[in-house]
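Work through the exercises below with the sequence and the 3D view open. Try each task before reading its solution.

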Amino acid sequence: MNDRVKKEKEKAIVIVLATVALTLLPLIGTIVLYIYNEVNSPIQTAKPIIYLYPEEETEVTVSLGYPEKIMTSYPKYENGWNVTAKPDGTLIYNQTGRELYSLYWEGDNNIAIDTKEGFVVKGEDSARFLEEKLEILGLNERESEEFIVYWLPKLEANKYNFIRFETMDKINEDMPLEINPKPDTLIRAWMEFKGLDKYKKVQEQQLQTQERKGFVAVEWGGVELK
């Protein structure tokens, strides 16, 4: 009788454990999948926008090299954008006749990011820092203002930030940009940043001054490193 009771108890324990395991299995699978996705998912390039300033009113076609990477865009990217561009930067989207000031896209970023050189900046000093560096990179005051007001809340929320501007070669590798007719000056300013709890010494990045001349095209964007 005792052996029978013992076997029944053991059987009940096995059933309970099996039930618990089956109940937790989907949750465990979800957690594992989440961790895998976090580790392996590409970084998202946030809000690259493109400005065009021809010397005279010009029909311009803008194409991105890897449209499959595009997650969202405005106007909707369909085999490129066709616009009428004016010297003051006004764009007329030829498909709808709508007036724009820029072309917008976001997408996956597969650049191997170098964190050995850059800048470490106090969150409260971010605006002053960006004003200085964006001028070096060739952005005008309006473009710099739009860049700063977009990124400033994220930067000021951190005590310090590691900030780096990607090289043109790496940007072109990640997302080639073709503009026809070809601009005399092409500026692509992509910022990478990561919030820090304390100051960290890094090798200062040397930025190249960009002169604007002739037909100018400008693109800015950025990524937050986790």
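The exercises go from the whole chain to one helix, then to a pocket and some loops. Keep in mind that this is a predicted model.

**Exercise 1. The whole chain**

Task: State how many helices and strands the chain has, and what share of its residues is buried.

Solution:
- Step 1. Count the elements. The chain holds four helices and 13 strands.
- Step 2. Turn to burial. Of the 226 residues in the chain, 41% are buried.
- Step 3. Look at the contacts. Take those between residues at least 6 apart in sequence: 81% of them join residues at least 24 apart.

**Exercise 2. The two sides of H2**

Task: Find which residues of H2 are buried, and explain why they lie on the same side.

Solution:
- Step 1. Locate the helix. H2 spans residues 126–137, which is 12 residues.
- Step 2. Check its span. From first C-alpha to last, H2 reaches 16 Å, close to the 16 Å expected at 1.5 Å a residue.
- Step 3. List the buried residues of H2. They are Ser126, Phe129, Leu130, Lys133, Leu134 and Leu137.
- Step 4. Explain the pattern. These residues cover an arc of only 115° around the axis, so they sit on the same side of H2. The general rule is that an α-helix has 3.6 residues a turn, so residues three or four places apart point the same way.
- Step 5. Turn to the other side of H2. Arg128 and Glu135 are exposed there.
- Step 6. Name the packing partners. The buried residues of H2 pack against strand S8 (117–122), helix H3 (141–156), strand S9 (160–165) and strand S11 (185–196).
- Step 7. Look just past the helix. Gly138 follows H2 with a positive phi of about 105°.

**Exercise 3. Two residues of one helix**

Task: Classify Arg128 and Leu137 as buried or exposed.

Solution:
- Step 1. Place them. Arg128 lies in helix H2. Leu137 lies in helix H2 too.
- Step 2. Take Arg128. Its relative accessible area is 56%. The cut-off for exposed is over 50%, so Arg128 is exposed.
- Step 3. Take Leu137. Its relative accessibility is 15%. Buried means under 20%, so Leu137 counts as buried.
- Step 4. Follow the contacts of Leu137. Leaving aside neighbours within four places in sequence, Leu137 is in contact with Phe165, Ile187, Ala189, Leu207, Gln208 and Gln210.
- Step 5. Compare sequence and space. Leu137 and Ala189 are 52 residues apart along the chain, and 7.0 Å separates their C-alpha atoms. For Arg128 and Ile148, 20 residues apart along the chain, the C-alpha separation is 9.6 Å.

**Exercise 4. The second largest pocket**

Task: Describe the lining of the second largest pocket by number and class.

Solution:
- Step 1. Take the volume. About 300 Å³ of space lies in this pocket.
- Step 2. Count the lining. It has 17 residues, and Leu137, Glu166, Thr167, Met168 and Gln208 lie nearest the centre.
- Step 3. Sort the lining by class. Eight residues are nonpolar, six are polar and three are charged.
- Step 4. Find the main contributor. S11 gives the most to the lining, with five residues.

**Exercise 5. Cis bonds and a positive phi**

Task: Locate the cis peptide bonds before Pro75 and Pro181, then find where Asn79 lies.

Solution:
- Step 1. Start with Pro75. The peptide bond from Tyr74 to Pro75 is cis, with omega near -10°. Pro75 is in the loop between strand S3 (70–74) and strand S4 (81–85).
- Step 2. Stay in that loop. Asn79 is also found between S3 and S4. Asn79 has a positive phi of about 60°, although it is not a glycine. At 79% relative accessibility, Asn79 counts as exposed.
- Step 3. Go to Pro181. The peptide bond from Asn180 to Pro181 is cis, with omega near 5°. Pro181 is in the loop between strand S10 (177–180) and S11.
- Step 4. Judge the burial of Pro181. Its relative accessibility is 32%, so Pro181 counts as partly exposed.
- Step 5. Find what Pro181 touches. Not counting residues up to four places away in sequence, these are Thr58, Glu59, Val60 and Phe215. Thr61 is 120 residues from Pro181 in sequence, yet 7.4 Å away in space, C-alpha to C-alpha.

Conventions
Residues numbered from 1 in each chain as written. Predicted model: local features only at pLDDT ≥ 70, side-chain atom pairs only at ≥ 80, totals over all residues. Heavy atoms only, no water. Helix = DSSP H or I, 4+ residues; strand = E, 2+ residues; numbered from the N terminus. Expected span 1.5 Å × (residues − 1). Buried < 20%, exposed > 50% of the residue type's maximum accessible area, 1.4 Å probe, protein only. Arc of directions from axis to C-beta. Contact = heavy atoms within 4.5 Å. 1 Å grid on protein atoms, 1.4 Å probe; cavity = no way out; pocket = protein on both sides within 12 Å on 5 of 7 lines; lining within 4 Å. Points joined across faces, edges and corners; volume = space filled by probe spheres on them. Nonpolar A, V, L, I, M, F, W, Y, C, P; charged D, E, K, R; others polar.
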